[in-house]
Amino acid sequence: DRGWALWQAGEAEGAIVLYAEGAQMARVAGDTGRLRIALGNLGLAYSHLGRHAEALSTYEEYLTLLADDPAEAADAHLNAGSALVSLGRAEEAEAHFDSAERLAEGAGLIEPRVVVSLNRGVLRERAGDTDAAFERYWQAFDLAEESKDADLVGRTTTMLGRAYTRAGDHAHACDCFGEAVRAFRHHGDAVRLADALHLHGAALQHVGLIDAALETWEAEEAILRERGDGLALGECIFRKALMLAAQSTSPGVELHFVEAEDLFRAANATDRLAEAYQAHAQLLRDRSRDNEAAERLQKAFDALAAAPRPA
């Protein structure tokens with residue numbers, strides 16, 4: 001419970017220490033139920049921190065305790081497979097995906113089958129077989145549609161949109177991200193909705209629908225303001241500023257740059273702050289306001305001097 005409290009507070013490293021201690025106490029006591037809880041939490045925490053070898057070891061032990069729980073076992077196989085992919089052991093990961101799919105089919109579970117298809121799509125795409133990748137992604141979408149689960153449909157169409165973006169097909173990406181926006185809005189998931197709006201706006205910009213992109217990012221901005229996510233809000237406003245600077249001579253564009261700079265400064269995002277200053281300086285230079293541009297560039301240099309990667 002203390003580990004969970006730290007996890008909820010965003011302190012994953014501290015949570016891992018307590019989860020591991022709890023797991024060892026459960027082993028000594030022969031308490032299988034609490035060992036399962038500890039290992040499940042521990043595996044997720046290791047994965048979150050990118051400690052994939054430790055996550056894999058944890059899931060391998062966890063799986064030995066799940067013979068009576070096909071749903072949890074399917075999820076554990078998926079997580080073990082993802083850890084193996086991250087470790088560059090894709091062939092071994094396939095065996096875990098096979099097990100997850102078999103368990104899900106036997107128990108009538110759709111979500112693990114969707115995730116298996118998405119993971120296999122990613123593997124095919126990394127191997128350079130784009131056609132096979134899209135076949136897997138669309139297979140996942142068909143399953144998600146069958147489930148009538150808005151969250152699952154949103155996650156799947158987001159993956160499809162990202163894949164189309166990587167393939168340079170921004171028109172199809174627009175369609176997919178638009179569907180994801182509708183799904184997450186219906187599901188009431190504000191976090192994923194904001195992400196989908198971000199991606200949809202970028203895709204709309206790529207196909208030249210500038211007004212629609214701005215409208216989409218304004219919807220994202222409203223969510224981010226309500227959430228109080230200063231860094232993400234800064235990114236959203238900075239994107240709007242760059243687009244408006246390329247499209248308009250309105251003096252209001254500068255207010256967007258100033259707000260983005262303020263948000264990046266408050267979030268201590270020195271790299272992003274320097275980029276915002278530089279873009280603002282370019283706008284001022286284009287308007288023949290050289291002294292003000294020079295002031296902004298000096299602020300960019302000052303920010304870069306404090307950046308973790310000053311090169």
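**Group meeting: walking through an all-helix model**

Okay, surface to start: the protein chain has an accessible surface of about 16,100 Å², and 50% of that belongs to carbon and sulfur atoms. Those areas come from the Shrake-Rupley method with a 1.4 Å probe, and for residues only the protein chains shown count as cover.

Before I go on, a word on what we're looking at. This is a predicted model, where local features need pLDDT of at least 70 and side-chain atom pairs count only at pLDDT 80 or more, while totals for chains, interfaces and linings use all residues. Residues are numbered from 1 along each chain as its sequence is written, and side-chain values use heavy atoms, with hydrogens and water left out.

So, the overall picture. The protein chain has 16 helices and zero strands; both are DSSP runs, numbered from the N terminus, with helices being H or I of at least four residues and strands E of at least two. Along its principal axes, the C-alpha trace spans about 75 × 40 × 35 Å. Of the 311 residues, 42% count as buried. By buried I mean under 20% relative accessible area, with exposed over 50% and partly exposed in between, using a 1.4 Å probe and protein chains only. And if you take contacts between residues at least 6 apart in sequence, 45% join residues at least 24 apart; a contact is heavy atoms within 4.5 Å.

Let's zoom in on helix α6, residues 90-107. Its 18 residues reach 26 Å from the first C-alpha to the last, close to the 26 Å expected at 1.5 Å a residue. That expected span is 1.5 Å times one less than the number of residues. Buried residues here include Ala93, His96, Phe97 and Glu101. What covers the buried residues of α6? Among the covering elements are α4 (52-63), α5 (70-86) and α7 (111-126). Right after α6 comes Gly108, with a positive phi near 70°.

Further along there's α13, residues 230-247, also with 18 residues; its end C-alpha atoms are 26 Å apart, which agrees with the expected span. The buried set in α13 includes Leu233, Cys236, Phe238 and, for those of you who like charged side chains, Arg239 and Lys240. Those buried residues pack against α11 (190-206), α12 (210-227), α14 (252-266) and α15 (270-286).

Now, cysteines. How many disulfides does the structure hold? Zero, taking a disulfide as a pair of cysteine sulfur atoms within 2.5 Å. Cys174 has its closest cysteine sulfur in Cys176, 9.6 Å away, so that's too far for a bond. Cys236 is in no disulfide either, as the nearest cysteine sulfur, that of Cys174, is 16 Å away. Cys174 is buried at 9% relative accessibility, and Cys236 is buried at 0%.

Couple of loop residues to click on. Lys148 sits in the loop between α8 (130-147) and α9 (150-166), and its phi is positive, near 60°, in a residue other than glycine. Asn268, in the loop between α14 and α15, also has a positive phi near 60°. Buried or exposed, Lys148? Exposed, at 73% relative accessible area; Asn268 is exposed too, at 63%.

Last stop, near the N terminus: Ala5, in helix α1 (residues 2-8). Ala5 is partly exposed at 48%, and its C-alpha is 7.8 Å from that of Ala15, ten residues away in sequence.
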